Amino acid sequence: MNPILPSGKRQLALDRRKKWAISRQRLSLGRGAWPASSELVPPAARRAIRAGAAFTLVELLVVIGCIALLASLLLPSLQAAQSKARRIHCAANLRQLGVALKLYVDENGFYPLAMSTNSLGAWQHALWPSAADQVLYCPQLIPASPQFLEYFPTNQTIFPHYGYNASGAVEINPPPQNPGLGGSFVWTGPGMGNYAPASENWVRVPSNMIAIGDGMTFLPPPLLAATLSPTDPLYNIFPFIMEPQGYPGANKNHANGANMIFCDAHVEYAKQSAWLDPGDENQRRWNADNQSHPSFQ
């Protein structure tokens with residue numbers, strides 16, 4: 001038997017029993033034993049929390065401005081990284097062409113002729129058995145030149161075709177023998193002749209002789225064949241600007257510079273101005289005898 005409790009303690013015991021009864025009722029109704037969290041927070045505090053959780057227009061604009069600022073700071077770095085990746089891809093293409101060129105020379109004892117009949121390109125066709133067609137193009141997309149659009153008007157932007165050092169550093173006076181890799185014309189009779197390829201021994205210093213590189217200038221065919229495609233013309237490179245058209249012999253696809261592969265299959269990158277430098281050190285790299293020949297310029 002429960003002892004008789006004082007009135008105050010009896011009231012406390014009744015309050016406890018009442019609270020437990022309410023808790024059991026909540027559990028039976030699926031409401032949980034404890035009040036919701038919102039019921040534990042006073043109304044004034046709830047209003048303050050709601051007011052502080054929302055963004056004002058000024059705060060939203062500040063956030064958008066910060067995002068735009070970060071994007072503007074990161075965009076040049078991203079573009080520079082993409083440009084460098086394309087330059088590396090270009091160098092890899094040229095390395096494959098360098099290997100194909102070396103295989104061709106080792107097998108035949110001479111370099112590919114620059115052109116075939118009607119001034120169409122022959123050197124790229126000679127390298128196809130050892131190099132896929134796609135490695136003949138730089139991966140940097142550029143606007144087509146007026147010369148290119150004259151023959152192929154539908155190609156407004158192009159992946160530029162690599163050029164062949166067909167004629168060396170010859171701008172004005174033709175030498176007795178072509179200092180480039182494209183071969184020399186040999187007369188076989190009155191009004192008759194043919195091109196003889198440059199022998200392997202004609203290149204005195206393969207490690208200092210440019211073979212193929214970034215350039216989109218081509219020799220226009222004298223007659224437009226019905227099946228002429230952008231892969232057919234003779235694409236060439238040279239260390240000057242062709243006048244009066246103003247076409248440079250080396251491109252500036254990659255940060256105002258170009259990649260070149262040498263006859264020993266190594267690749268070098270330099271600014272366009274360096275490849276077109278009229279000084280002796282640069283000019284000798286375009287001639288098979290490793291001489292500058294100012295009289296040819």
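**Figure 1. Gln272 and its surroundings in helix H7.** In this predicted model, Gln272 belongs to helix H7, which covers residues 272–275. Is Gln272 buried or exposed? With a relative accessibility of 16%, Gln272 counts as buried, because the cut-off for that class is under 20%. Once its neighbours within four places in sequence are set aside, Gln272 is in contact with Pro248, Ala250, Asn251, Lys252, Asn256 and Gly257.

**Figure 2. Gly249, in the loop between strands E10 and E11.** Here we look at the loop that follows strand E10 (247–248) and leads to E11, with Gly249 in it. Gly249 counts as buried, at 1% relative accessibility. Which residues does Gly249 touch, not counting those up to four places away in sequence? They are Asp214, Ile237, Phe238, Phe240 and Leu276. Trp275 is worth finding in this view too: Gly249 and Trp275 are 26 residues apart in sequence, and their C-alpha atoms are 8.5 Å apart in space.

**Figure 3. An open sheet of four strands, in the order E3-E6-E11-E12.** The pairing in this sheet is antiparallel. Strand E3 (163–164) and strand E12 (267–271) stand at the edges; each has a single partner strand, so one side of each is left without a neighbour in the sheet. Starting from E3, two bridges join this strand to E6 (residues 210–213), and Gly163 has Gly213 of E6 as its bridge partner. Gly213 can then be followed across to E11, where its bridge partner is Met260. E6 and E11 pair over three bridges, in the antiparallel sense.

**Figure 4. Strand E11 and its hairpin with E12.** How many of the six residues of strand E11 (residues 257–262) are buried? Six of the six are, so E11 is largely enclosed by the rest of the structure. As a reminder, in a regular strand the side chains alternate between the two faces of the sheet. In E11, Gly257, Asn259 and Ile261 point one way, while Ala258, Met260 and Phe262 point the other way. Five bridges hold the antiparallel pairing of E11 and E12, and across it Ile261 stands opposite Val267 in E12. The hairpin formed by E11 and E12 has four residues between the strands, and Ala265 in the turn shows a positive phi of about 75°.

**Figure 5. The hairpin of strands E4 and E5.** E4 pairs with strand E5 (residues 192–196) in the antiparallel sense, over five bridges. One residue pair to look for is Phe185 with Tyr195, its bridge partner in E5. Two residues lie between the strands of this hairpin, and Gly191 in the turn has a positive phi of about 70°.

**Figure 6. The largest pocket and its lining.** The space in the largest pocket comes to about 610 Å³. Of the 29 residues that line this pocket, which lie nearest its centre? Met115, Ala166, Ser167, Asn178 and Asn236 do. Helix H6 (146–151), strand E4 (184–189) and strand E7 (218–219) each give at least two residues to the lining. By type, the lining of the largest pocket divides into 18 nonpolar residues, 10 polar ones and one charged.

**Figure 7. The second largest pocket.** This pocket has a volume of about 190 Å³. Its lining is made by Ile142, Ser145, Gln147, Met216, Thr217, Tyr247, Pro248, Asn251, Lys252 and Asn253. Four of the lining residues are nonpolar, five are polar and one is charged. Readers coming from Figure 1 will recognise Pro248, Asn251 and Lys252, which are among the contacts of Gln272.

**Figure 8. Cysteines in a structure with zero disulfides.** The structure holds zero disulfides. Cys90 is in no disulfide; the nearest cysteine sulfur, that of Cys138, is 4.0 Å away. That distance does not make a disulfide, because the two sulfur atoms would have to be within 2.5 Å. Cys90 is buried, with a relative accessible area of 0%, whereas Cys66 is partly exposed, at 42%.

**Figure 9. The protein chain as a whole.** To place the close-ups, the secondary structure of the chain comes to eight helices and 12 strands. Buried residues make up 36% of its 297 residues. Among contacts between residues at least 6 apart in sequence, 62% join residues at least 24 apart.

How values were computed: Residues numbered from 1 in each chain as written. Predicted model: local features only at pLDDT ≥ 70, side-chain atom pairs only at ≥ 80, totals over all residues. Heavy atoms only, no water. 1 Å grid on protein atoms, 1.4 Å probe; cavity = no way out; pocket = protein on both sides within 12 Å on 5 of 7 lines; lining within 4 Å. Points joined across faces, edges and corners; volume = space filled by probe spheres on them. Nonpolar A, V, L, I, M, F, W, Y, C, P; charged D, E, K, R; others polar. Pairing = 2+ DSSP bridges. Buried < 20%, exposed > 50% of the residue type's maximum accessible area, 1.4 Å probe, protein only. Contact = heavy atoms within 4.5 Å.
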